[in-house]
Amino acid sequence: MFCYKCGCELNQTDRCPNCGTDVGMYKKILYTSNYLYNDGLEKAQVRDLSGAILSLKQALWYNKDNLNARNLLGLIYYEVGETVAALAEWVIAKNINDERLHEKENAAERYLNEVQSNRQLMDNLNTSIARYNHALDCCRAGNTDVAILQLKKVLSLNPHYLRARQLLSLLYLNSRQWQRAQRELEKCSRLDVSNTTTLRYMKEAEEQLAKERGEDENKRRQNRRRTVPAPSAEPDGEQVIKYTNSDHETIIQPVGSRIPGVDGFAFPVWILGGVIGAILGAAVMAFLVMPARIQQVRSQGAEEVRTVSAQIDSKELEIRDLQGQIENLNAEQERLNTELDQALANASTDGGKANNLFYTAACYINNPEDTATSTSVFRALRPDTAKYDASEQFGALYDALYLRLRSAMLDKIAYSGIAAYEAALPDYQKAISELEEANLYEDPEAYSLTYVKRLFYLGDSYLQLYLNADAATRENMTDNLTKAREYFDRIVNEFSDSEYLVQTQARLQTMNGL
Amino acid sequence: MINFEEELKNYHPSLEIQDAEDAIYNQDMKDMVDVMVRAAKDGVFGVESTPAKKTFG
């Protein structure tokens with residue numbers, strides 16, 4: 001544990017051994033954060049993931065640098081299918097470790113590497129999220145059949161996606177498919193034992209199932225009462241035959257009852273058999289064959305609707321993909337057009353560049369001492385752009401001339417910039433453009449004598465332009481302050497023995513007061 | 001009895017992976033330590049928060 005003020009390692013006491021700051025409360029906060037992390041870890045170990053998320057979030061609220069808590073929170077998010085939240089936590093953990101903590105082992109880096117290096121996994125996660133969002137849209141539009149299909153696909157890609165499974169359960173509950181809902185909720189419960197939404201849905205499914213079971217039981221009891229006659233209904237003193245059929249129903253038949261067609265009824269046996277056969281056939285058709293056939297036709301229709309819905313759905317996804325591709329291609333075409341325009345423009349200026357280079361070379365060969373003439377044209381070939389897209393020969397000639405004319409160029413441009421700054425009426429805009437250009441000719445291995453002076457003039461030119469502007473214009477000139485600070489900081493950090501140090505510090509103070 | 005329409009309102013679209021950057025930037029990164037350091041700076045803890053004077057010998 002380190003002091004929040006000076007960074008010194010703390011001991012058992014409540015004072016920092018280095019700066020003496022009271023760190024009692026700071027220690028308590030860190031201990032609380034650690035306690036909450038332990039609590040979260042314990043809950044995660046028994047799969048109480050919702051509870052663990054709460055504890056870990058609190059741990060991070062106490063101490064955002066609690067790396068273990070952040071990594072575990074990411075892991076739990078990943079476990080319940082919240083991929084983006086998990087990646088966010090791991091990225092933050094990695095940044096915190098790189099910036100402040102510098103722990104050798106940071107699990108977040110390993111997790112990120114593992115997830116990001118697996119292309120297939122990333123694609124699956126992306127697709128499952130897109131499909132979940134589409135399913136949610138379908139639910140809101142009342143298209144629950146398609147939503148169920150989509151969610152099943154989501155769960156085949158990412159079986160740990162808790163939110164998707166809960167939504168699927170809700171859809172089953174809504175369509176009164178209690179057992180399916182219960183099966184899905186049991187899976188949710190295995191993933192996160194104490195999720196309130198899961199428990200609420202589970203209670204609903206169980207209540208409905210219990211109600212249905214109760215109704216079935218009642219029906220069965222009533223049927224039994226109808227089929228089993230009470231003992232008093234039995235004919236007194238009469239002999240009866242009792243037998244039980246396959247449904248455990250007791251059938252009572254008086255011994256003396258007559259059997260139709262055998263015991264002397266009027267119809268001949270063959271007519272009676274034909275009539276009974278016809279009645280039985282009609283009954284079989286009406287009660288067995290037709291309902292099964294109707295059911296079959298219905299389920300075929302439902303299956304077709306489902307197939308068509310799935311096809312429409314996949315077509316929609318394809319259309320979305322293709323639209324995305326069209327947008328990408330349009331953007332690509334635009335970029336290529338811009339590049340083409342630029343290339344054409346360069347082609348027209350390439351001739352000019354070559355002419356300037358040849359002219360400079362000719363001047364230099366004629367009179368190497370006359371740098372004024374040589375540099376006048378050479379200046380058009382700026383070092384940062386001259387060799388862009390140029391041939392090897394062009395580059396070689398440019399380098400040779402640059403080597404010989406660099407110093408003269410630097411003196412000439414730097415002098416012009418310094419003069420603009422030091423004039424009775426300073427031209428800060430010109431000073432900036434000249435001094436920035438002069439810096440392009442500076443040798444980083446051996447700075448020229450006026451380098452620090454020019455840094456100060458440059459920074460001050462940016463600052464003065466900002467200070468001279470009115471309030472409305474200043475809003476768009478924040479870059480000036482950034483540039484000015486950049487140059488002033490260089491003087492303070494790299495040239496602290498310079499004569500411009502005091503003035504630079506005064507300017508920085510002015511800037512701090514803005 | 002669960003109200004489907006009401007329940008559906010609790011479900012929100014998931015952020016896609018390309019939106020992870022927004023999720024990171026939108027994190028509120030203030031914690032209790034920040035609050036305490038700020039309070040100590042503002043002198044909320046009075047004399048206690050000021051460094052103890054070092055004694056020599």
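pLDDT is the predictor's confidence in each residue, on a scale from 0 to 100. This is a predicted model, and chain A averages a pLDDT of 85, with 89% of its residues scoring at least 70. Chain A brings 18 helices and two strands, and chain B sits in contact with 38 of its residues.

**Confidence and overall make-up of chain A**

- One stretch to treat with care is residues 230–235 of chain A, where pLDDT stays under 50. The model has five contacts beyond four places in sequence for that stretch.
- Chain A runs to 514 residues, and 27% of them count as buried.
- Take the contacts in chain A between residues at least 6 apart in sequence: 46% of those join residues at least 24 apart.

**Nonpolar cores**

- The largest nonpolar core has 63 residues, and A:Leu56, A:Ile76, A:Ala135 and A:Leu151 have the most contacts inside it.
- This core takes at least three residues from each of two domains of chain A, domain 1 (24–117) and domain 2 (141–227).
- A second core, separate from that one, has 32 residues, including A:Leu410, A:Ile413, A:Ala420 and A:Phe488.
- Zooming in on A:Leu56, and skipping its neighbours within four places in sequence, you'll find it in contact with A:Tyr37, A:Gly40, A:Ala69, A:Leu72 and A:Leu73.
- As background, nonpolar side chains tend to be buried together in soluble globular proteins.

**Helix H14 of chain A**

- H14(A) covers residues 428–440, 13 in total. At 1.5 Å a residue it should span 18 Å, so the 19 Å between its end C-alpha atoms agrees with that.
- Its buried residues are A:Tyr428, A:Ala431, A:Ile432, A:Glu434, A:Leu435 and A:Ala438.
- Among the elements covering those buried residues are two other helices of chain A, H13 (392–422) and H15 (451–468).

**Where chain B meets chain A**

- On the chain B side, 26 residues are in contact with chain A, and they touch 38 residues there.
- Three helices of chain B, namely H1 (4–8), H2 (20–25) and H3 (32–41), each supply at least two residues to the side that touches chain A.
- H3(B) gives the most to that side, with four residues.
- By residue type, the chain B side that touches chain A splits into 17 nonpolar, three polar and six charged residues.

Methods
Residues numbered from 1 in each chain as written. Chains lettered and ligands numbered in written order. Predicted model: local features only at pLDDT ≥ 70, side-chain atom pairs only at ≥ 80, totals over all residues. Core = buried A, V, L, I, M, F, W, Y, C linked by C-beta atoms within 7 Å. Buried ≥ 20, exposed ≤ 12 C-beta atoms within 10 Å, placed from the backbone. Domains from an automatic or database assignment. Contact = placed C-beta atoms within 7 Å. Nonpolar A, V, L, I, M, F, W, Y, C, P; charged D, E, K, R; others polar. Expected span 1.5 Å × (residues − 1).
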